[in-house]
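Reader: Please give me a close look at a single part of this model, starting from a short piece of strand pairing and following it outward to whatever it leads to. I would like one connected account rather than a list.

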2 protein chains.
Amino acid sequence: MRWTPQRERALELLLRAGGPVKAYDLVATFQPGGQTAPPTVYRALDALVELGLAHRIASRNAYVACHRHDGEAHAASFLFCDCCDAVEEFEAPVGEVMAAIKARGGFQLRAMTLEAHGRCSRCQD
Amino acid sequence: MRWTPQRERALELLLRAGGPVKAYDLVATFQPGGQTAPPTVYRALDALVELGLAHRIASRNAYVACHRHDGEAHAASFLFCDCCDAVEEFEAPVGEVMAAIKARGGFQLRAMTLEAHGRCSRCQD
DNA sequence: ACAGTTATGTTATAATGTATCGCGTCCGCA
DNA sequence: TGCGGACGCGATACATTATAACATAACTGT
């Protein structure tokens, strides 16, 4: 797995956004002057996810830079407000869950995503 | 929220499948003799999810009937094999996680989905 | 009956994601 | 240093997934 300008560019855009970004937003902004084909962006994003530098937020069709830099496998956990579309990352205590998966045997865990949906404090009217 | 033939039909198909089903598979099989427009199916599925009778598996663009019939809010948890595409539902111990969300305050939890990716026992070669 | 809400049908289109093929580039190795 | 294989990128076309918008129908409470 190599480190390339495309991947650096994708990561740069994710970091600058500071939150979830849709693939086609990246497609639009990837090249300052022109158009980039979707496969280019998707490949870069897939690589970042593979490298552990970003997460895919499946329920939003979006990507976000990973805020942890220790390279350790961890659960990406998010709180979604179904009302105002806010997304907040948080550190979920998934020790029990990991233990349960290990205990059931036969499954080699690679990555875990936790998505909690509800209402943020501002939307509880 | 009413109980309607469309929603019953959708749930019936999900239950019969016994596993994740894609929306457009339902579109194809919804009406035995003819064609159903996508919005009809998506609306029925959205309603089932809203009613807690089904879950959406975001990372697979699929839906699955909820196997719990107590109507209690719970975490839908799945193990995905990235190699052979098998999906297994399991009961994740998310007590700690729920507690952590409650402890941080200001977020009213409605539903939680946990997706674990890795390799199933058959694919560890 | 009436008014308001909820559900459905229909058409078209938007948004998201991939297959494929060809070419270039990098890397290890003899 | 030349070769071979793996990896990465560009480009085109296409497949898949999901929704907007609008009109009509059905249910619900009063």
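Author: Two strands are taken to pair if DSSP finds at least two bridges between them. The model is a predicted one, and in it β1(B) and strand β3 (residues 62–65) of chain B run antiparallel, joined by 2 bridges; because the rule asks for at least two, these 2 bridges are enough for β1(B) and β3(B) to count as a pair. The pair belongs to an open sheet of 3 strands in chain B, ordered β1-β3-β2, with antiparallel pairing. Its edge strands are β1 (21–22) and β2 (54–57) of chain B, each of which pairs on one side only. Within this arrangement, B:Lys22 stands opposite B:Ala62 in β3(B).

B:Lys22 leads from the sheet to the nucleic acid. A polar atom of the B:Lys22 side chain lies 2.4 Å from a phosphate oxygen of DNA strand D, and B:Lys22 is listed with A:Thr4, A:Gln6, A:Arg43 and B:Tyr24 as the closest of the 17 residues that surround this strand. Two others of that group also place a polar side-chain atom beside the DNA: for A:Gln6 the partner is a phosphate oxygen of DNA strand D at 2.7 Å, whereas for B:Tyr24 the partner is a base nitrogen of DNA strand D, likewise at 2.7 Å. The elements that contribute two or more residues to the surface near DNA strand D are α1 (5–17) and α3 (38–50) of chain A, together with α3 (38–50) of chain B. Sorted by class, that surface has 7 nonpolar, 4 polar and 6 charged residues. On the DNA side, 56% of the atoms of strand D that come within 4 Å of the protein belong to sugar or phosphate, and the rest to bases.

What, then, surrounds DNA strand C? There are 18 residues around DNA strand C, and the closest are A:Lys22, A:Tyr24, B:Thr4, B:Gln6 and B:Arg43. The side chain of A:Tyr24 has an N or O atom 2.8 Å from a base nitrogen of DNA strand C, while the side chain of B:Thr4 has one 2.7 Å from a phosphate oxygen of DNA strand C. A:Tyr42 also faces the backbone of strand C, with a polar side-chain atom 2.9 Å from a phosphate oxygen. Here the elements that give two or more residues are α3 of chain A together with α1 (5–17) and α3 of chain B, and α3(A) supplies the largest share of this surface, 4 residues. The classes near DNA strand C come to 7 nonpolar, 4 polar and 7 charged residues, and sugar or phosphate accounts for 53% of the strand C atoms within 4 Å of the protein.

Residues of both chains thus appear around each DNA strand, which turns attention to how chain A and chain B meet. In that interface, 34 residues of chain A are in contact with 34 residues of chain B, and the area buried between them is about 2800 Å², with carbon and sulfur atoms giving 58% of it. In chain A, the residues that lose the most area to chain B are A:Glu96, A:Arg104 and A:Phe107, together 19% of what that side buries. The rule finds 2 salt bridges across the interface; A:Glu88 forms a salt bridge with B:Arg104, and the closest N and O atoms of this pair are 3.2 Å apart. A further count gives 12 residue pairs in polar contact between the two chains. β6(A) gives the most to the side of chain A that touches chain B, with 12 residues, and that side as a whole divides into 18 nonpolar, 9 polar and 7 charged residues.

The account can end, as it began, with strand pairing. β6(A) and strand β6 (residues 108–119) of chain B pair in the antiparallel sense over 11 bridges, and in β6(B) the bridge partner of A:Leu114 is B:Leu114.

Technical notes: Residues numbered from 1 in each chain as written. Chains lettered and ligands numbered in written order. Predicted model: local features only at pLDDT ≥ 70, side-chain atom pairs only at ≥ 80, totals over all residues. Heavy atoms only, no water. Near = heavy atom within 4 Å. Polar contact = N/O pair within 3.5 Å; in protein donor to acceptor, adjacent residues only side chain to side chain. Nonpolar A, V, L, I, M, F, W, Y, C, P; charged D, E, K, R; others polar. Contact = heavy atoms within 4.5 Å. Buried area = accessible area lost by both parts, 1.4 Å probe. Salt bridge = Lys/Arg side-chain N within 4 Å of Asp/Glu carboxyl O.
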